[in-house]
Amino acid sequence: MSDNLRMLIGFVIIVLILILYPMILPRKPRPLPVPDTLPTPAAPAPQETVALTPQPTVQPLVPETTIVLENQLLKLALTSQGGGIKSCYLKHYQVQLVPENSTLLANTELLNLPATVTQTESAVTFIYNLPQGQLKKTWVLGKDYTLTVNFAGLSFPSTLTFDAQAGIPTTEKESKEDLANFHFYAHTEGRVSQIATASLRKKPFVNSADWVGLKSKYFFLALVNQTGKFDSVRAEPLADNRIGFSASVKTPNSANFLVYAGPIEYNRLRSFRLGFENVVSLGWLKPIALAILYILRLFYNLVRNWGWAIVLFSFLMKAIFYPLSSTQIRQMRRLQLLQPKIEELKKKYKDDPQMLNQETMRLYQIYKVNPLSGCLPLLVQMPVFFALYAVLRNFIELRGANFLLWLKDLSQPDTLFGHIPKGVPLIGGFAIGLLPILMGISFIAQNLMTSTDKRNWAMTIIFPVFITAIFLNLSSGLQLYWFVYNILSILESLIATKGGALWQKIKKSPSLGVS
C-alpha cells in the first residue's frame with residue numbers, strides 16, 4: 001500500500017514537471033496600454049498577415065563606408081548608410097547578433113544620404129549634410145558590451161527613427177528552442193513589459209517607451225533613450241518567428257542613446273539599474289535560482305569546471321537534505337521490519353478491507369511509522385529541482401560548459417547514442433545518452449534497497465524507467481546532478497543497512513521486538 005502511494009505521488013510530481021513548469025514562469029505579461037495620443041495603425045485585412053519578412057539592407061544609392069570598432073568583447077562594423085550596425089560579433093561566445101545582409105539601428109531618415117566619416121580608436125562619426133545643416137551621428141564603443149549613440153548638429157529632422165526590423169538572429173544549434181525564448185521588451189512608467197512572438201501575431205506592439213529590447217535564449221539587444229523617451233515604438237513578428245522593431249523620437253537639439261548588445265548575464269544586466277535584469281524571467285523561483293547560480297559560481301572558482309561544480313553542488317544538497325533522508329531511511333527500515341505483521345493482518349482481514357486499513361494504521365501508530373515519509377525528501381527537493389532546471393537551461397554561464405569526454409554542453413541533453421526515432425510515441429526525437437541511463441540504473445538500485453515490498457515491481461522498475469524516459473531530453477547538467485545525488489543516497493543506504501549506527505539502533509529497538 002505504501003509503495004503504491006509513493007509511486008502515485010511520484011507520477012504526480014513528474015507530471016508537474018512536464019505540464020505545470022511552464023506555468024510557473026511568467027511567459028507573457030500583459031502588454032502596456034496604448035496611449036490615446038498615439039495613432040493606432042489600421043487593422044490588416046483578414047487575408048493579410050502581421051508577420052514581416054526580414055528584408056535585406058537597402059542597396060545604397062551613394063558610396064558606402066564601413067568602419068570597424070573593436071574591444072576585447074565586441075567587434076563591430078558600422079556603416080555610413082543610415083549610420084547603422086552592419087556586424088556585431090561577440091568574441092567570447094563566437095556569435096553574430098546582426099542577421100546576414102541586414103543592418104540594425106540605422107536611422108531611416110539618413111538612408112541614401114552621403115556621409116563624411118571621422119574615426120578614432122573607439123569612436124566613429126558620420127556627418128550628413130541636410131537642408132537644415134549638418135547632422136553628426138557618433139558611435140562610441142565602451143569597454144564592455146555597450147555603445148553610446150550621440151546626435152549633434154545645427155538642426156535635426158523632425159523625427160529620427162531607429163530601424164531594427166531585421167531583428168536579432170538565432171544563435172543556437174537547437175534553433176526551435178532558441179526561437180521559443182524570443183521576446184520583445186519595453187520599459188515605460190517604471191514597468192517592464194515582456195511580449196512573446198505569439199502575442200505580437202495577435203496584436204503588434206505600438207506604444208511609447210524609455211527603452212526597448214530584443215531577447216533570444218542567451219543574448220539581448222537593448223536601445224535606451226537617455227534624454228527622454230521614444231515617442232513611438234512598433235514591434236512585430238517576423239515570418240520566421242523572430243521579432244523586429246522600430247523606435248522613433250522627436251529630436252531635441254541633442255540626443256543621446258545607449259545600446260547594449262551582449263549576453264544575458266544577470267549581474268551584468270542588473271548593474272545598469274534600468275530593469276534589464278527582468279529579461280531573466282524566473283517568477284517565484286528567481287531567489288532560489290540566483291542562489292543556486294551563486295553557489296555554482298563559488299564551486300566553479302574552486303574547480304574551474306562547471307561539471308565538477310555541479311557534482312559539488314550535489315554533495316552540498318545531500319548534506320542539507322540529510323536529516324530528511326535519514327528519517328526516510330529509518331521509516332523505510334521500520335516498514336520492512338513490519339512487513340511480517342502487515343502480512344498477518346492482510347490474511348486475518350482479507351474479507352474486511354475497512355478493518356484491515358484501521359488495524360494497519362493502528363500498527364503504524366504503535367511503531368511510529370509514517371508511510372508517507374518516503375515522499376517527503378522528494379517533495380522538499382522539488383523547488384531546488386525546478387530552480388536548477390531553470391539555471392542549467394537559461395543562464396548563459398552554463399552554455400557550452402563541457403564535462404568528461406562526451407558532454408560538450410551541460411545546458412543540453414546527453415546525446416552520446418543519438419536520438420530516438422521521431423515515430424516513437426511520446427518520446428520520439430528525444431536524445432539518448434549514457435548519463436540518463438546510468439541515472440535510471442541508480443534509481444532502480446536505490447529502489448531495490450529501500451522498497452518495503454520486493455514484489456512491487458511497479459515501484460522498483462517501471463517508475464525509474466518512466467523517470468529515465470522523461471530525463472532523456474532534459475539538460476545533461478540536471479542528469480548529472482540527479483545521478484550523483486542518487487549515488488550518494490545509495491551509499492547512505494548501504495552504510496545504514498550494513499552496520500551503520502542508525503540501522504543497528506533500529507534493529508535493537510525493543511519497540512519492534514528485534515534483537
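Glu-236 is buried, with a relative accessible area of 12%, where buried means under 20% relative accessible area, exposed means over 50% and partly exposed covers what lies in between, for a 1.4 Å probe and protein chains only. Its side chain meets that of Arg-234 in a salt bridge of 2.9 Å, N to O, a salt bridge being a side-chain nitrogen of Lys or Arg within 4 Å of a carboxyl oxygen of Asp or Glu. Arg-234, at 27% relative accessibility, counts as partly exposed.

This is a predicted model, in which local features need pLDDT of at least 70 and side-chain atom pairs count only at pLDDT 80 or more, while totals for chains, interfaces and linings use all residues. Residues are numbered from 1 along each chain as its sequence is written, and side-chain values use heavy atoms, with hydrogens and water left out.

A search of the whole structure finds 12 salt bridges, and two further pairs deserve a description with their surroundings. Glu-172 forms a salt bridge with Arg-399, the closest N and O atoms being 3.0 Å apart. Glu-172 lies in the loop between β10 (160-164) and α2 (175-180) and Arg-399 in the loop between α9 and α10, so the pair ties together parts that are 227 residues apart in sequence; the helices named here (H or I, at least four residues) and the strands (E, at least two) are DSSP runs, numbered from the N terminus. Glu-172 is itself buried, with a relative accessible area of 16%.

The other pair is Lys-318 and Glu-492, whose closest N and O atoms are 2.9 Å apart in a salt bridge. Lys-318 belongs to helix α6 (residues 306-320) and Glu-492 to helix α12 (residues 476-497), so this pair ties together parts that are 174 residues apart in sequence. Lys-318 is buried at a relative accessible area of 9%, and Glu-492 counts as buried at 13%. Elsewhere, Glu-177, Lys-217 and Arg-393 are linked in a network of salt bridges.

For the chain as a whole, there are 13 helices and 18 strands, and buried residues make up 52% of its 515 residues. Contact means heavy atoms within 4.5 Å, and of the contacts in the chain with a separation of 6 or more, 66% are between residues 24 or more positions apart.

One example of contact across the sequence is found at Ala-387, which has its place in helix α9 and is buried, with a relative accessible area of 0%. Leaving aside its neighbours within four places in sequence, Ala-387 is in contact with Leu-285, Ile-288, Ala-289 and Ile-292. Of these partners, Ile-292 is 95 residues away in sequence, yet its C-alpha is 7.6 Å from that of Ala-387.

Among the helices, α7 (residues 322-348) has 27 residues and reaches 38 Å from its first C-alpha to its last, close to the 39 Å expected at 1.5 Å a residue, the expected span being 1.5 Å times one less than the number of residues. A kink of about 45 degrees lies at Gln-339 in α7, shortly before the proline Pro-340; the bend at a residue is the angle between axes fitted to the seven residues ending there and the seven starting there. Leu-356 lies in helix α8 (residues 353-366) and, not counting residues up to four places away in sequence, touches Leu-345, Lys-346 and Tyr-349. The C-alpha atoms of Leu-356 and Leu-345, 11 residues apart along the chain, are separated by 6.5 Å.

Two leucines in loops have backbone angles worth checking against a general rule. Most residues other than glycine have a negative phi. Phi of Leu-105, however, is near 65 degrees, a positive value; Leu-105 is found in the loop between β4 (95-96) and β5 (106-107) and is buried, with a relative accessible area of 0%. Phi of Leu-404 is likewise positive, near 60 degrees, and Leu-404 is found in the loop between α9 and α10.

Turning to the surface, the chain exposes about 24,800 Å², of which carbon and sulfur atoms supply 59%, with accessible areas taken from the Shrake-Rupley method with a 1.4 Å probe and, for residues, only the protein chains shown counting as cover. Leu-416, Phe-417, Ile-437, Leu-438 and Ile-441 form a nonpolar patch on this surface, with about 420 Å² of accessible area together. Patches are made of residues with over 30% relative accessible area and no salt bridge, like charges being joined within 9 Å and nonpolar side chains (Val, Leu, Ile, Met, Phe, Trp, Tyr) within 5 Å. Leu-416 is found in the loop between α9 (376-394) and α10 (434-450) and is partly exposed, with a relative accessible area of 38%.
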